[in-house]
Amino acid sequence: LAAASISNFARRLAVAKRTALKQSPACRYLGAPTALLIHTALAPVRLQTISMSGPVARATGMCSQALVSMRERAKDLDSSILWFLMVASVASVVLRLLDEFIFGVVEGEGDSNLIEWSAFGAFLAGLVVVTRRKGKRPVAQKGKLHGKSADGVAESRVGGDAHRRTRKAGMALGGARRMVQLDSLSPAEEQAQAQFGFFKLADVDTIVEACRSGDGPKAEAKLRELLKNGPVGEAELHAKGVPAISGAHIIVEACLETGDVDRASNWVQEILCSGVRASGRTVHAVMDAFVSKPAGGRGFELRRQRAEDALASAIAKGATPDANCYHCLFERCLNAVDCSKVNEWLDKATFRGRHDATQAFVGVIRSRNQTPAHQQAEIWLQRAIKAGATNLTHLHNAVIQVCIRTNNLDRAIYWLEKMEESVGATAPSGEQRNPQQSRVAPDIVSYSLLMDACAQRGNMQQVEHWFKQLLSTGVCTEAACYSAIIKAHARAGDISGANKRLEEARGRSLKPDGPAYNVFIVSAARAGNSKMAERILQQMLQDGIEPDTASCNSVINAYAKSEEGDAKGTERMVELMCKHNIEPDVVTLGAAVHACARIGDKDRAEAIFKRILARGKTTPDAICYNALINASVKANDIAAAERWLETMLEDGVAPSVVSYTTVLHAHARSGNIEAAERGMELMRQNGITANVVSYSALMHACVKVGDVQRAEKWFSHMRDAGIRANAVSYSALLDVCAKAGDWARAERWLATMQEDGVAPNVVCFNNVIDACTKGNNARRAEAWLRRLLGEEPKTSVGQDPPVQVPPDVVPTRQSFTTAAQAYASFGGYGDVERIFADMQKFGMDLDEFSLTVLLSAYSRARPRQRERAETMFKEYVASGGKITPPPLRVLRACLGAPRCERLLDQLGMR
């Protein structure tokens with residue numbers, strides 16, 4: 001402040017020598033000689049006037065804000081404090097008025113007394129609030145948090161022009177206060193200023209649980225009670241043995257979990273008004289919740305405006321936004337063409353101080369909306385430097401990030417070399433070093449960005465180069481350097497490279513940090529290497545680094561998505577989390593139960609479910625219950641599946657269409673069409689709209705009992721409900737026709753399928769072939785096979801218009817086997833051999849099902865073709881084909897038991 005005052009005095013004094021005598025009121029009213037005398041006499045004293053008026057104004061302004069925030073405890077204030085502050089604020093105004101009377105107003109500084117008037121106006125507003133409310137009812141209101149904030153109350157009491165002046169004063173005063181806090185304090189003092197209010201952990205838990213359970217009034221009452229009593233220091237609570245927590249963000253997050261963004265936004269304002277500092281993370285969470293819903297329509301524009309208003313209101317009440325808040329603003333709230341609004345926000349941030357300016361410019365540079373190319377990022381960088389932004393390293397890193405995002409790696413390397421040049425390293429290739437360039441030291445983020453980009457492009461030589469460069473600069477510890485390169489390899493999917501670097505670091509007794517381990521674990525899990533992911537997690541614990549829930553969830557997901565599922569590995573991970581007090585969340589619960597459900601391990605799934613719920617910190621959602629229902633269905637325990645569906649309803653978790661459809665599938669597999677229909681009716685009663693999968697499950701139940709009319713009834717219900725049938729639902733309908741052997745009806749439905757614009761797949765054609773086979777129409781079955789082969793059938797299929805076979809549909813082994821079975825049913829082994837010969841020409845060998853059909857044809861022929869059967873069986877065994885009980889039974893029936901036994905002995909298959 002002293003340096004600023006001296007500079008201001010010198011500048012104004014130089015101007016005064018030229019213009020003050022002509023412009024000052026003293027010259028106009030007292031004459032030039034008298035004014036010159038006063039000017040000369042008071043010039044030395046004026047330095048003290050300027051130096052004192054600013055700090056007095058700022059101190060008064062901060063005290064007045066404190067008075068407003070303490071309005072609920074106004075009765076405890078000493079009135080002498082109020083009068084002292086009143087005299088101080090009046091003195092600051094008088095000093096500034098005398099200064100302008102004698103020295104005049106320097107051009108461009110017509111509002112130089114704004115700070116003093118702001119302090120005076122804000123203090124009057126605070127004084128009115130205190131005196132009006134002293135001894136009266138408290139501020140806490142019943143109902144929801146939609147009442148006026150402290151600023152709103154103050155403004156409503158002063159009225160008229162005072163209302164407008166106070167708003168303008170508050171803006172200027174807020175900027176002055178933050179300039180003092182952020183630009184004039186040491187880092188240690190800034191950290192002390194930024195401490196949040198702490199609450200008892202039990203109180204915060206009470207509010208969070210009330211939010212999550214939907215009990216808004218209870219949560220609001222508890223929050224107002226905490227805010228009324230005021231936050232306390234963490235050390236004070238710990239001294240009493242009471243667990244403490246900075247609760248603002250957790251409380252807001254609990255609101256956002258329930259989807260109540262308006263309530264969360266109102267609570268942020270209320271918390272700020274109470275004197276508790278809210279971090280930029282909290283404000284960003286609310287902004288992101290406003291704009292996270294799908295874009296489109298007037299509603300989205302309104303949500304974007306709400307997010308912008310939330311940021312503006314939080315800043316006005318003392319919150320300090322971070323770069324993420326500004327990034328959300330410029331990326332998702334403001335249009336790329338709205339340049340005036342972008343510039344307005346940047347100017348406001350610059351006015352509030354260098355810290356805010358830095359965060360705002362970092363946000364706009366990172367924004368894809370406002371910075372589509374690296375050239376624009378460089379323009380923003382130059383503007384930020386001119387605005388006096390601090391932390392130029394952060395700004396340069398944002399520019400490097402834009403260059404990488406726009407696939408301009410060479411430009412990103414240029415900027416990093418430029419940063420190295422400023423601290424004495426070699427200049428970028430082709431340029432001379434500028435000794436007057438400002439010092440912008442690269443940090444670990446600068447090198448990490450380039451290492452990540454090179455690793456993503458597979459340029460491991462460049463990754464190694466920048467890793468060695470990072471080690472040589474000494475900007476961070478050696479362990480941090482290894483952490484950076486491990487993350488670079490892991491993010492690029494290079495698991496072996498990340499593992500090599502990890503082993504190298506551990507061999508040198510270096511411990512990578514937690515984020516490096518977490519990124520490596522997630523990358524290994526995504527690659528499906530669940531064993532390695534768990535091993536890295538164990539190493540992390542050995543190094544004394546506590547993994548987070550997300551890392552453990554990644555390992556559990558990897559086990560759940562493995563080909564056969566690994567329920568034991570999942571259970572082991574849950575036990576590890578509980579042992580090390582890593583709280584499982586709803587994602588853990590869903591993934592663990594799903595891993596057990598994949599292999600039908602119902603008992604293990606239920607045990608894990610109950611164990612996690614017993615900890616009392618996790619509330620299951622519909623996905624968790626659906627996984628339990630699925631596990632019960634796969635274990636063929638339909639009663640347990642229905643029981644979990646009922647439990648879901650009792651616990652207030654709304655079942656989805658997946659919940660009911662899973663149970664419908666269970667009834668369909670067992671052929672219990674009545675139970676499946678009851679499930680469909682229950683779904684309708686609970687307001688769940690069935691989808692095509694639900695109706696297809698019902699039709700599959702009809703397939704089991706061969707009830708064609710019932711299947712067609714449900715198919716008609718589906719179409720009447722406006723649900724478009726797909727290939728699966730048509731396949732179910734064709735399957736039930738095949739079970740009934742009604743090939744004519746199957747052909748009609750196949751034609752209807754194409755008329756509806758649904759392309760039939762090979763399963764649909766196989767169902768029609770099967771219908772012809774079961775309807776004892778072998779020639780028609782072969783005709784459909786020939787159509788699949790692209791040949792003209794010798795027997796017309798009689799379709800008008802003919803069904804077109806899609807070009808990508810080709811026959812499968814089942815197509816040939818089903819068509820051959822039609823001839824085998826009456827011993828037509830010659831036709832069967834002909835069809836299988838065509839199958840082998842098509843590139844398919846006989847399997848155990850084809851062998852069974854062929855042996856069946858030999859057995860049913862009259863006379864029986866024992867020699868052909870024996871020869872074919874020997875050839876099949878010699879080719880290495882799989883032998884199962886069905887072909888052996890047919891072979892025994894064809895050859896007779898003694899001859900069959902001798903053949904098996906001869907082939908060594910006894």
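Trainee: Which helices do the buried residues of α38 pack against?

Mentor: In this predicted model, the buried residues of α38 pack against α36 (692-705), α37 (708-720), α39 (743-755) and α40 (762-774).

Trainee: How many of the residues of α38 are buried?

Mentor: Eleven of the 14 are buried, so α38 is largely enclosed by the rest of the structure. Among the buried residues are Ala-727, Tyr-730, Leu-733, Leu-734, Val-736 and Cys-737. Ser-729, Ser-731 and Asp-735 are buried residues of α38 too.

Trainee: How far apart are the end C-alpha atoms of α38, and what span should it have?

Mentor: The end C-alpha atoms of α38 (residues 727-740) are 20 Å apart. At 1.5 Å a residue, its 14 residues should span 20 Å, so the two values agree.

Trainee: And what caps the N-terminal end of α38?

Mentor: Asn-726 does: one of its side-chain oxygens lies 3.2 Å from the backbone nitrogen of Val-728. Just after the helix, Gly-741 takes a positive phi of about 70°.

Trainee: Changing topic: which residues touch the most other members of the largest nonpolar core?

Mentor: They are Phe-520, Leu-750 and Val-832, in a core of 137 residues. In soluble globular proteins, nonpolar side chains tend to be buried together.

Trainee: What is Leu-750 in contact with, leaving aside its neighbours within four places in sequence?

Mentor: Leu-750 is in contact with Leu-734, Pro-760, Cys-764, Phe-765, Val-768, Trp-784 and Val-803. One of these, Leu-734, is also a buried residue of α38.

Mentor: Apart from the largest core lies another, of 81 residues, including Val-261, Ala-310, Val-362 and Ile-404.

Trainee: How many aromatic pairs does the structure hold?

Mentor: There are 14 aromatic pairs. In one of them, Phe-715 and Trp-749 meet edge-to-face, with 5.1 Å centre to centre and 70° between the planes.

Trainee: Where in the chain do Phe-715 and Trp-749 sit?

Mentor: Phe-715 is in helix α37 and Trp-749 is in helix α39, so far as sequence goes 34 residues apart, and the pair links these distant parts of the chain. Both helices are among those that the buried residues of α38 pack against.

Trainee: Is Trp-749 buried or exposed?

Mentor: Trp-749 counts as buried, at 14% relative accessibility. Its partner Phe-715 is also buried, with a relative accessible area of 0%.

Mentor: Another pair is Phe-816 with Phe-842: the ring centres are 6.0 Å apart and the planes stand at 50°, so this pair is tilted.

Trainee: Why is it said to tie parts of the chain together?

Mentor: Phe-816 lies in helix α42 (residues 813-824), whereas Phe-842 lies in the loop between α43 (829-841) and α44 (848-860), so the pair joins parts that are 26 residues apart in sequence. Phe-816 counts as buried at 0% relative accessibility, while Phe-842, at 36%, counts as partly exposed.

Trainee: What about Phe-609, Tyr-625 and Trp-644?

Mentor: Ring pairs link those three residues into a cluster.

Trainee: How many disulfides are found in the whole structure?

Mentor: The search finds zero disulfides. As for individual cysteines, Cys-454 is buried at 0% relative accessibility, and Cys-596 is buried at 0% as well.

Trainee: One last residue: what does His-667 touch?

Mentor: His-667, found in helix α34 (residues 657-670), touches Ile-638, Glu-642, Asn-672, Ala-675 and Ala-676, not counting residues up to four places away in sequence. His-667 is buried, with a relative accessible area of 5%.

Key:
Residues are numbered from 1 along each chain as its sequence is written. This is a predicted model: local features need pLDDT of at least 70, side-chain atom pairs count only at pLDDT 80 or more; totals for chains, interfaces and linings use all residues. Side-chain values use heavy atoms; hydrogens and water are left out. A nonpolar core is a set of buried Ala, Val, Leu, Ile, Met, Phe, Trp, Tyr and Cys residues joined through side-chain atoms within 4.5 Å. Buried means under 20% relative accessible area, exposed over 50%, partly exposed in between (1.4 Å probe, protein chains only). Contact means heavy atoms within 4.5 Å. A disulfide is a pair of cysteine sulfur atoms within 2.5 Å. Helices (H or I, at least four residues) and strands (E, at least two) are DSSP runs, numbered from the N terminus. The expected span of a helix is 1.5 Å times one less than its number of residues. A polar contact is a pair of N or O atoms within 3.5 Å; within protein, one must be able to donate a hydrogen and the other to accept it, and residues adjacent in sequence count only if both atoms are side-chain atoms. Rings of Phe, Tyr and Trp (its six-membered ring) pair if their centres lie within 6.5 Å; planes under 30 degrees apart count as stacked, over 60 as edge-to-face and the rest as tilted.
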